[in-house]
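Colleague: I have a model open beside its sequence, and I would like to learn how to read its helices, charged pairs and surface. Could you take me through them in turn?

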Amino acid sequence: SNRRLYFYLLLSAALLLGICIGSYYYLKTTANQVLEFFPQMETAVLAGDSHQSLASYNQAKQTWDKHKNFWQCFLMHREIDDIEAMFFRLKGYLETGSITESLSSIYELQYNIDHVPDTERLSFYNIL
């Protein structure tokens, strides 16, 4: 009877650990897919190429839109809303050609997208 209990506890712990690890890698992989367009967006902004910067933005936004609904399974909706707001703010800056604000917004959005998977990673810090 105790063996069966230990077996189920161990199985539950392994399943929980597997879900945590799998969700972290999914978030990290999809974050990197969105972020792969940011260096070319930054380069285009610095070169003053608004057409290319908007094209890179659109690719990043489409990739984000493809994954954001699944991200909502793991994250608080506030984080998703914040990232959405940053995307729209960035688009406005890119459309107006404001280099300083565009770069600042790119870096802020890049940091937030890159940082989210790390906040969801299973660690002693996140448990405590």
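Modeller: What follows is a short walk through helix packing, salt bridges and exposure. This is a predicted model, in which local features need pLDDT of at least 70 and side-chain atom pairs count only at pLDDT 80 or more, while totals for chains, interfaces and linings use all residues. Residues are numbered from 1 along each chain as its sequence is written, and side-chain values use heavy atoms, with hydrogens and water left out.

Colleague: How do the axes of α1 and α3 cross?

Modeller: Two packed helices are described by the angle between their axes and the distance between the axes. Helices here are DSSP runs (H or I, at least four residues), numbered from the N terminus, and their axes are lines fitted to C-alpha atoms over the stretch in contact, with angles from 0 to 180 degrees between N-to-C directions. The axes of α1 and helix α3 (residues 50–71) come within 9 Å and cross at roughly 160 degrees, and α1 and α3 are therefore roughly antiparallel to each other, a label given to angles over 145 degrees. The crossing of α1 past α3 is left-handed, meaning that the near helix is turned anticlockwise from the far one by less than a right angle.

Colleague: And how do α2 and α3 cross?

Modeller: The axes of helix α2 (residues 38–47) and α3 come within 8 Å, again crossing at roughly 160 degrees, so that α2 and α3 are roughly antiparallel to each other. The crossing of α2 past α3 is left-handed.

Colleague: Which residues does lysine 68 pair with in salt bridges?

Modeller: Side chains of opposite charge can pair when their charged atoms come close. A salt bridge is counted when a side-chain nitrogen of Lys or Arg lies within 4 Å of a carboxyl oxygen of Asp or Glu, and a search of the whole structure finds seven of them. Lysine 68 meets aspartate 65 in one salt bridge, at 3.6 Å from N to O, and because these residues are three apart in helix α3, about one helical turn separates them. Lysine 68 also forms a salt bridge with glutamate 84, with 3.2 Å between the closest N and O atoms. This second pair links distant parts of the chain, since glutamate 84 is in helix α4 (residues 77–96) and lysine 68 is in helix α3, 16 residues apart. Lys61, Asp65, Lys68 and Glu84 are linked in a network of salt bridges.

Colleague: Is lysine 68 buried or exposed?

Modeller: Buried means under 20% relative accessible area and exposed over 50%, with partly exposed in between (1.4 Å probe, protein chains only). Lysine 68, at 18%, counts as buried, as does glutamate 84 at 13%, whereas aspartate 65, at 32%, counts as partly exposed.

Colleague: Where do arginine 78 and aspartate 82 lie?

Modeller: Both are in helix α4, four residues apart, about one turn of the helix, and their side chains meet in a salt bridge at 3.7 Å, N to O. Arginine 78 is exposed, with 61% relative accessibility, while aspartate 82 is partly exposed at 32%.

Colleague: Which residues form a nonpolar patch on the surface?

Modeller: A patch is made of residues with over 30% relative accessible area and no salt bridge, like charges being joined within 9 Å and nonpolar side chains (Val, Leu, Ile, Met, Phe, Trp, Tyr) within 5 Å, and the areas come from the Shrake-Rupley method with a 1.4 Å probe. Here the patch consists of Leu5, Tyr6 and Leu9, with about 340 Å² of accessible area together. Tyrosine 6 belongs to helix α1 (residues 2–35) and counts as exposed at 55% relative accessibility.

Terms used:
Helix = DSSP H or I, 4+ residues; strand = E, 2+ residues; numbered from the N terminus. Parallel < 35°, antiparallel > 145°, perpendicular 65-115°, else oblique.
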